Amino acid sequence: MTVADLAELEWDNSFTRELAADENTLNRVRQVHGAAYSRVMPTPTEAPTLIAVATELLEMFGLDHEIVENEQFVRALTGNAAVAGTDPHAMCYGGHQFGNWAGQLGDGRAITLGEVLTASDGRQTLQLKGAGPTPYSRTADGLAVLRSSIREFLCSEAMHHLGVPTTRALSVALTGDKVMRDMFYDGRPALEQGAVVCRVAPSFIRFGNFEIYAARGDTDNLRRLADYTITTHFAELLEARGVDPTDGLLPEGIYVDWFAEVARRTADMVVHWQRVGFVHGVMNTDNMSIHGLTIDYGPYGWLEDYDPGWTPNTTDASMKRYRFGAQPHIASWNLERLANAIYPLVEEVEPLESALNSYVSRFNERWPQMMAEKLGIAGFNPELDQSLIEGLLELLPRAETDMTLFFRGLAEIDTASSLIGDDELLAPLASAYYLPDQLNGDHRGAMIAWLRLYRDRVAADGQPDSTRRRAMNSVNPKYVLRNYLAQLAIDDAEQGDFALTNELLDVLRRPYDEQPGHERFAAKRPDWARARPGCSMLSCSS
Ligand code: AMP
Ligand code: MG
């Protein structure tokens, strides 16, 4: 059964029902104490128009595909029509930004409509990003521009189809309003088109939701939020302890169980990021989902040439705190902030420390396994195979080597014939090099030596090349949202042409498949994109 109206969904707004509301209902910027959220309505917009919809999410909610033709639906997804059953609000949270406590942040431009109980995907929260100011907008306008909205929409869906835990995006729409942005922070603001993304996730609770209470010494609300989060979103942890959540107080140890679970999920998420070459760009604690989902797509980027020191975020250009290679460590640092925040509920350091170690142990177990899968090693032996992995990671940054193309090419290496010439050995990898001249001299020799070790190693698994190739191609994507591809879609969209946005959405649904006819979306970054803003570097202005 499908429905034709958002009001017919099974709305069940547990967050606003169970947690403290801001008593002040005026939509004015302020510090909000003793509350988890403020009720606020989206701001109506001039001329809402849909750009793209993820039909998978229509299906998740049991909505008719035809609903996209319905004007009320478009109006609802841009904040122009109230939907019966929703309870629009903005959440209060704080966060550590670039290593420093930043105080209250909150949903400055995100308004949650409410939660839907879906038939097969449990509780799902719908949130509009860019729907107007809230009490948490600080000095900003509560709006989002087209370029950043297309980037968020496409990337969240691409990540989902890659198998990376992420918030989803149901739709992206133009608001019809103009938004002033100083894109390069160089004192030359310009008007851009406004847009709204409708995001979807079990919840949008972040590490920062807990940190704000801890920072203010509000242990009552801290406990209330933790209890709510555990009973609503981590009920399996209570079940594992044989606890009935309706009994009232939760058992003491549950907070540590829960923190360890958040740590494990965060580790799994970061391992996936490292697998596909995703750089989040702003791993502040307010951008860390309690579910271990990738959240808040801002100045993120995809590794083109494999460079662990790369970050797309120009705001972070000097420190490179959030560079690709630092993500695993930063996630752990962020978890430490969460551990500190919930300490008042545990009041013992040791169990929290050991739970924090579950991040390290999970990461140290999963990361080598993931690398072995990327290399197509079947009988992976962490001790014996470690040097092969390390050897490759040392070689890759020495020449500008496209990460995505390299691993797809590696799957093509032939191990059947016992004798193979150097040229033949390197041939499947040639297209991965940005500067073919770099595959000369020492580097060429070192790469050939590594490839010969690699061939011997995978041959020792005793499986046919075709089996290895299939396995590798199921973890090494052919299609990722290359930075320049997103920019091309944005260039067209800014002219009112949304075909490329929709075509990319479609191609990125099957990132591991060959998809003949779509090879141009698998090509390495063209030269024009090397230094073009939006392609290789992004500011936080969005
Ligand atoms: P971010 O770094 O994008 O995760 O944002 C950090 C904080 O700034 C969050 O509290 C956001 O809600 C807020 N914020 C970012 N952009 C805007 C905007 N245009 N208007 C209001 N608040 C914003
Ligand atoms: Mg954020």
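Which residues do ring pairs link into a cluster? I opened my notebook with that one, and the reply is Trp273, Phe278, Tyr297, Tyr300 and Trp302. A reminder to myself before going on: this is a predicted model.

**Entry 1: aromatic pairs**

I counted the ring pairs and got 15 aromatic pairs. I then looked up Phe278 and Tyr297, which are members of the cluster. Their rings form an edge-to-face pair, with 5.9 Å centre to centre and 65 degrees between the planes. Phe278 belongs to strand 10 (residues 278-279), while Tyr297 sits in the loop between strand 10 and strand 11 (301-302), so the pair ties together parts that are 19 residues apart in sequence. I checked accessibility too, and both Phe278 and Tyr297 are buried.

Next I turned to Tyr484 and Trp528. This aromatic pair is also edge-to-face, at 6.0 Å centre to centre and 90 degrees between the planes. It links distant parts of the chain, 44 residues apart: Tyr484 is in helix 16 and Trp528 in the segment after helix 17 (499-507). Are the two partners buried or exposed? Tyr484 has 5% relative accessibility, under the 20% cut-off, so I noted it as buried. Trp528 has a relative accessible area of 43%, so I noted it as partly exposed.

**Entry 2: charges over a ring**

I went looking for charged ends above rings and stopped at Tyr434. The charged end of Arg525 sits over the ring of Tyr434, 4.4 Å from its centre. The charged end of Lys524 sits over the ring of Tyr434 as well, at 5.8 Å from the centre.

**Entry 3: the largest pocket**

What volume does the largest pocket have? I read off about 1100 Å³. The lining has 48 residues, and the closest to the pocket centre are Arg109, Arg138, Cys540, Ser541 and Ser542. Helix 4 (146-162) and helix 16 (483-494) are the elements that give two or more residues to this lining. Helix 4 supplies the largest share, 3 residues. I sorted the lining by class and found 18 nonpolar, 17 polar and 13 charged residues.

Helix 16 is worth a cross-reference here, as it also holds Tyr484 from my first entry.

**Entry 4: the second largest pocket**

I repeated the lookup for the second largest pocket, whose volume is about 200 Å³. It is lined by 13 residues, and Arg223, Glu252, Tyr255, Leu345 and Val346 lie nearest its centre. Helix 8 (254-276) and helix 9 (327-346) are the elements giving two or more residues to the lining. The largest share, 3 residues, comes from helix 9. By class I have 8 nonpolar, 1 polar and 4 charged residues for this lining.

**Entry 5: two helices**

Back to helix 4, since it turned up in the pocket lining. This helix has 17 residues and reaches 24 Å from its first C-alpha to its last, close to the 24 Å expected at 1.5 Å a residue. Of the 17 residues of helix 4, 16 are buried, so the helix is largely enclosed by the rest of the structure. Gly163 follows helix 4 and has a positive phi, near 85 degrees.

I ran the span check on helix 10 (residues 349-375) too. Its 27 residues reach 40 Å from first C-alpha to last, close to the 39 Å expected at 1.5 Å a residue. Just after helix 10 comes Gly376, with a positive phi of about 75 degrees.

**Entry 6: positive phi outside glycine**

Most residues other than glycine have a negative phi. Which residue in the loop between strand 4 (94-97) and strand 5 (100-104) did I look up here? It was Phe98, which has a positive phi of about 50 degrees although it is not a glycine. At 28% relative accessibility, Phe98 counts as partly exposed. I also noted Tyr185, a residue other than glycine with a positive phi near 50 degrees. Tyr185 is in the loop between strand 8 (168-181) and strand 9 (190-201).

**Entry 7: one long distance**

For my last lookup I chose Thr112, in strand 6 (residues 110-117). Thr112 has 3% relative accessibility and counts as buried. I then took the span from Thr112 to Arg468, 356 residues apart along the chain: their C-alpha atoms are separated by 45 Å.

Technical notes: Residues numbered from 1 in each chain as written. Chains lettered and ligands numbered in written order. Predicted model: local features only at pLDDT ≥ 70, side-chain atom pairs only at ≥ 80, totals over all residues. Heavy atoms only, no water. 1 Å grid on protein atoms, 1.4 Å probe; cavity = no way out; pocket = protein on both sides within 12 Å on 5 of 7 lines; lining within 4 Å. Points joined across faces, edges and corners; volume = space filled by probe spheres on them. Helix = DSSP H or I, 4+ residues; strand = E, 2+ residues; numbered from the N terminus. Nonpolar A, V, L, I, M, F, W, Y, C, P; charged D, E, K, R; others polar. Phe/Tyr/Trp six-rings, centres within 6.5 Å; stacked < 30°, edge-to-face > 60°. Buried < 20%, exposed > 50% of the residue type's maximum accessible area, 1.4 Å probe, protein only. Lys NZ or Arg CZ within 6 Å of the ring centre and 35° of its normal. Expected span 1.5 Å × (residues − 1).
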